[in-house]
Amino acid sequence: MDTTTIAAVSGNLATIGYGLATLGPGLGLGFLVGKTVESMARQPEIAAQLRMTMLIGVAFVEVLALLGLVAGFVL
Amino acid sequence: MLHALVTIAGVVTTNAGGDPTPTPSPASGESFFGWLFASNGFHPPSLTDFFPDAVLFQGTIFEFNRIAMIRIVSAIVLVGIFGLVASRARIVPRRGQALVEIALDFVRLQIVDEVLGKERGKRYVAFLTALFLAVFVFNVTGVIPFLNLSGTSLIGLPIVMALWVYLLYLGAGIHHHGLLRYLRLSLFPPGIPWPIYLLLTPVEALQVFVLRPATLALRLVANMIAGHLLLVLCFSATQYFFFTASGAMRGFGAVSLAAGFAFTLFEIAVALLQAYLFTILSAVYLTLAIDEEH
């Protein structure tokens with residue numbers, strides 16, 4: 001009897017893993033940027049300082065997502 | 001890796017265990033354009049894009065390929081622009097000089113003065129400016145036509161720059177505090193009940209000696225790799241939709257072409273942002289090394 005394939009997924013499941021790996025940093029960026037916007041609205045006079053601090057935080061959060069990307073390629 | 005993105009086959013096939021048709025790859029002798037336009041099917045980008053064939057000195061440690069060439073070209077362009085502008089510097093700047101001065105002022109005012117402070121930052125302005133400009137120029141080659149690959153999209157160059165920062169902040173900390181005091185300040189931050197040190201000291205050691213330089217290099221290279229893959233995906237999808245796909249599928253080509261141009265602009269922004277982040281994080285690490293406590 002022949003096997004009937006309805007749908008096939010070929011390739012590497014790492015892509016799905018990477019999709020999951022973006023969830024955490026996505027949440028992190030959401031909180032980070034949202035809170036910064038809130039603080040800027042409360043105290044517009046220190047907006048520049050807040051923006052710089054936010055970007056440093058963004059760099060730390062972003063590296064987690066990028067580790068997911070690198071792990072997909074390396075492992 | 002990215003094959004799964006595009007080979008989700010929704011067709012009903014009667015399959016007696018045959019293997020899926022492999023995607024054709026460029027034959028070694030064929031020219032790139034011959035391969036690109038003669039082929040049918042979709043070619044997803046892959047990591048082999050970042051390891052082009054050697055141009056010179058194949059098989060030796062001095063192997064010279066397209067990425068090395070791009071790095072040399074962009075370094076010459078950067079040094080050339082600054083040499084030219086500096087040799088004709090005037091008190092009242094003209095347009096070219098004004099542009100260069102904007103870049104220099106940006107690093108000095110927005111990064112060094114903000115993070116390190118005016119007085120303390122003076123020693124590091126030259127270093128951080130060179131870092132910012134180098135990272136930006138090596139990044140932006142990813143969207144320049146005919147270069148099309150970032151100089152920083154292989155890990156070697158980011159590792160060199162991260163090591164440079166690493167040695168500099170360790171050196172600054174030791175120079176400022178002395179070796180033992182620097183280690184005590186960074187590994188045993190004051191003002192904490194001592195049992196916490198059991199937990200904190202390993203984490204801090206990992207941070208200071210491994211994670212900071214490693215993430216600095218990884219962030220840059222991963223951003224550049226992701227950006228290149230994104231652009232190649234958009235433009236090779238466009239090629240596929242326009243020349244291979246049939247019927248209404250061709251319409252998607254317009255969408256992916258527009259997306260390709262949008263992502264090109266996005267990549268320019270990313271090149272700037274990554275240069276800014278690399279520099280500002282270097283400045284932050286320098287501050288943390290110099291500060292009395294953090």
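These are my notebook entries on a predicted model with chains A and B.

**Entry 1. Confidence**

I began with the scores of the model as a whole, which are ipTM 0.73 and pTM 0.80. I then took the chains in turn. Chain A has an average pLDDT of 84, and 91% of its residues score at least 70. For chain B I noted a mean pLDDT of 82, with 85% of the residues at 70 or more.

I asked which element of chain A has the lowest mean pLDDT and which the highest. Strand E2 (residues 8-9) of chain A is the lowest, at 68, and helix H2 (residues 23-42) of chain A is the highest, at 94. In chain B, I marked residues 1-30 as a stretch where pLDDT stays under 50. The model has 45 contacts beyond four places in sequence for this stretch.

**Entry 2. Layout of chain B**

I listed the secondary structure of chain B and found ten helices and four strands. Read from the N terminus, the order of the elements is α-β-β-α-β-β-α-α-α-α-α-α-α-α. Chain B has 294 residues, of which 40% count as buried.

I also looked up how far apart in sequence the contacting residues of chain B are. Among contacts between residues at least 6 apart, 68% join residues at least 24 apart. The exposed area of chain B is about 16700 Å², and carbon and sulfur atoms supply 71% of this area.

**Entry 3. Nonpolar cores**

I next looked up the largest nonpolar core and recorded 48 residues in it. The residues with the most contacts inside this core are Leu116(B), Leu128(B), Tyr169(B), Phe278(B) and Ile280(B). I asked which helices each supply at least two residues of this core. They are H3 of chain A together with helix H4 (95-116), helix H6 (125-140), helix H7 (156-177), H9 and helix H10 (250-290) of chain B. H10(B) gives the largest share, twelve residues.

A second core, of 13 residues, lies apart from the 48-residue one. Among its members I noted Leu66(A), Leu147(B), Leu154(B) and Leu229(B).

I then followed Tyr169(B) and set aside its neighbours within four places in sequence. The remaining contacts of Tyr169(B) are with Tyr182(B), Val208(B), Arg212(B), Pro213(B), Tyr285(B), Leu286(B) and Ala289(B).

**Entry 4. Salt bridges**

I searched the whole structure and found four salt bridges over all chains. One of them joins the side chains of Glu62(A) and Arg219(B), at 3.9 Å from N to O. This pair crosses between chains: Glu62(A) is in helix H3 (residues 47-74) of chain A, and Arg219(B) is in helix H9 (residues 196-243) of chain B.

Are the two partners buried or exposed? Glu62(A) counts as buried because its relative accessible area is 17%, under the 20% limit. Arg219(B) is likewise buried, at 1% relative accessibility.

Within chain B, I recorded a salt bridge between Lys118(B) and Asp113(B), at 3.4 Å from N to O. Lys118(B) is exposed, since its relative accessible area is 61%. I recorded another between Glu119(B) and Lys122(B), at 3.5 Å from N to O. Glu119(B) is exposed, with a relative accessible area of 60%, and Lys122(B) is exposed, with 56%.

**Entry 5. A nonpolar patch at the surface**

I looked for nonpolar surface on chain B and noted a patch of about 600 Å². Val55(B), Leu56(B), Phe57(B), Ile61(B) and Phe62(B) make up this patch. Where is Ile61(B) found? Ile61(B) is in the loop between strand E3 (54-56) and strand E4 (64-65) of chain B. Its relative accessible area is 78%, so I entered Ile61(B) as exposed.

**Entry 6. Positive phi angles**

Most residues other than glycine have a negative phi. I therefore noted the exceptions here with this general point in mind. Phe146(B), which is not a glycine, has a positive phi of about 75°. Asn148(B) also has a positive phi, near 55°.

I placed Phe146(B) in the loop between H6 and H7 of chain B, and Asn148(B) is in the loop between H6 and H7 as well. Phe146(B) is exposed, with a relative accessible area of 79%. Asn148(B) is partly exposed, with 38%.

Key: Residues are numbered from 1 along each chain as its sequence is written. Chains are lettered from A and ligands numbered from 1 in the order in which they are written. This is a predicted model: local features need pLDDT of at least 70, side-chain atom pairs count only at pLDDT 80 or more; totals for chains, interfaces and linings use all residues. Side-chain values use heavy atoms; hydrogens and water are left out. Patches are made of residues with over 30% relative accessible area and no salt bridge: like charges are joined within 9 Å, nonpolar side chains (Val, Leu, Ile, Met, Phe, Trp, Tyr) within 5 Å. Accessible areas come from the Shrake-Rupley method with a 1.4 Å probe; for residues, only the protein chains shown count as cover. Buried means under 20% relative accessible area, exposed over 50%, partly exposed in between (1.4 Å probe, protein chains only). pLDDT is the predictor's confidence in each residue, from 0 to 100. Contact means heavy atoms within 4.5 Å. A nonpolar core is a set of buried Ala, Val, Leu, Ile, Met, Phe, Trp, Tyr and Cys residues joined through side-chain atoms within 4.5 Å.
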